[in-house]
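Me: I should like to learn how to read a structure feature by feature. May we begin with one charged residue and work outward from there?

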Amino acid sequence: MLESKAVIEESDMLQTMQLDALKYAGKALDEFEASDSTEIARFIKKEFDKVYGPGWQCVVGTSFGSFVTHHCGCFIHFGIGNLAILLFRGGATPQADTGRFVTMEAAKA
């Protein structure tokens with residue numbers, strides 16, 4: 001149960017969504033080697049797409065920076081061990097509905 005060792009750096013998700021993100025990250029780490037960041041990201045993204053609808057993006061690694069536009073209430077950046085995980089539901093045109101998108105810079109992992 002690696003998700004119990006997760007540290008949430010930043011999030012605007014509801015607590016239930018945060019717990020799902022940690023749960024799916026833990027399942028991904030049970031299934032894949034920690035060095036297989038692409039498969040871990042794919043697993044988490046697909047689970048969130050199934051549960052919360054399409055449009056989720058996931059980045060997993062040990063060193064990355066980011067600046068993303070995301071739906072309000074759909075962003076989490078957390079760490080498990082030496083891995084940083086960024087999960088968000090993005091949008092290509094935030095100007096179309098400024099009430100639903102937020103731009104947030106994640107802390108460097």
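Reply: Let us begin with Lys-23, bearing in mind that this is a predicted model. Lys-23 counts as partly exposed because its relative accessibility is 32%, a value between the limits of 20% for buried and 50% for exposed.

Me: With which residue does Lys-23 form a salt bridge?

Reply: A salt bridge requires a side-chain nitrogen of Lys or Arg within 4 Å of a carboxyl oxygen of Asp or Glu. The partner of Lys-23 is Asp-20, and the closest N and O atoms are 3.6 Å apart. The two residues stand three apart in helix 1, so about one helical turn separates them. Asp-20 counts as buried, at 15% relative accessibility.

Me: How many salt bridges does the structure hold?

Reply: There are four salt bridges. One of them joins the side chains of Glu-39 and Arg-42 at 3.0 Å, N to O. These residues are three apart in helix 2, so they too are separated by about one helical turn. Glu-39 is partly exposed at 24% relative accessible area, and Arg-42 is partly exposed at 40%. Lys-50 and Glu-47 also meet in a salt bridge, at 3.1 Å from N to O. Both lie in helix 2, three residues apart, about one turn of the helix. Lys-50 is exposed, with a relative accessible area of 62%, whereas Glu-47 is buried, at 17%.

Me: How should one read a charged residue such as Arg-89, which has no salt bridge?

Reply: One examines its burial, the nearest opposite charge and the other groups that its side chain reaches. Arg-89 lies in strand 4 and is buried. The nearest side chain of opposite charge is that of Asp-49, 6.3 Å away; there is no salt bridge because the cut-off is 4 Å. The side chain of Arg-89 does reach the backbone oxygen of Pro-54, at 3.0 Å. Beyond residues up to four places away in sequence, Arg-89 touches a set that includes Tyr-52, Trp-56, His-70 and Cys-74.

Me: Which residues have the most contacts inside the largest nonpolar core?

Reply: A core is read first through its most connected members and then through the elements that supply it. The largest nonpolar core has 24 residues, and those with the most contacts inside it are Ile-40, Ile-44, Phe-48, Phe-78, Ile-85 and Leu-87. Helices 1 and 2 and strands 2, 3 and 4 each supply at least two residues. Helix 1 gives the largest share, seven residues. A second, separate core of six residues includes Phe-64, Phe-75, Ala-84 and Phe-88.

Me: Where do contacts between the two helices appear at the level of single residues?

Reply: Ala-28 offers an example. Its place is in helix 1, and it is buried, with a relative accessible area of 0%. Outside its neighbours within four places in sequence, Ala-28 is in contact with Ile-40, Phe-43 and Ile-44. The C-alpha atoms of Ala-28 and Ile-44 are 7.0 Å apart, although 16 residues separate them along the chain.

Me: What pattern does the chain follow along the sequence?

Reply: An overall reading combines the order of the elements with totals for the chain. The two helices and five strands follow the pattern β-α-α-β-β-β-β. Of the 109 residues, 43% are buried. Among contacts between residues at least 6 apart in sequence, 61% join residues at least 24 apart.

Methods:
Residues are numbered from 1 along each chain as its sequence is written. This is a predicted model: local features need pLDDT of at least 70, side-chain atom pairs count only at pLDDT 80 or more; totals for chains, interfaces and linings use all residues. Side-chain values use heavy atoms; hydrogens and water are left out. A nonpolar core is a set of buried Ala, Val, Leu, Ile, Met, Phe, Trp, Tyr and Cys residues joined through side-chain atoms within 4.5 Å. Buried means under 20% relative accessible area, exposed over 50%, partly exposed in between (1.4 Å probe, protein chains only). Helices (H or I, at least four residues) and strands (E, at least two) are DSSP runs, numbered from the N terminus. Contact means heavy atoms within 4.5 Å. Lys and Arg count as positive and Asp and Glu as negative; His and the chain ends are not counted. A polar contact is a pair of N or O atoms within 3.5 Å; within protein, one must be able to donate a hydrogen and the other to accept it, and residues adjacent in sequence count only if both atoms are side-chain atoms.
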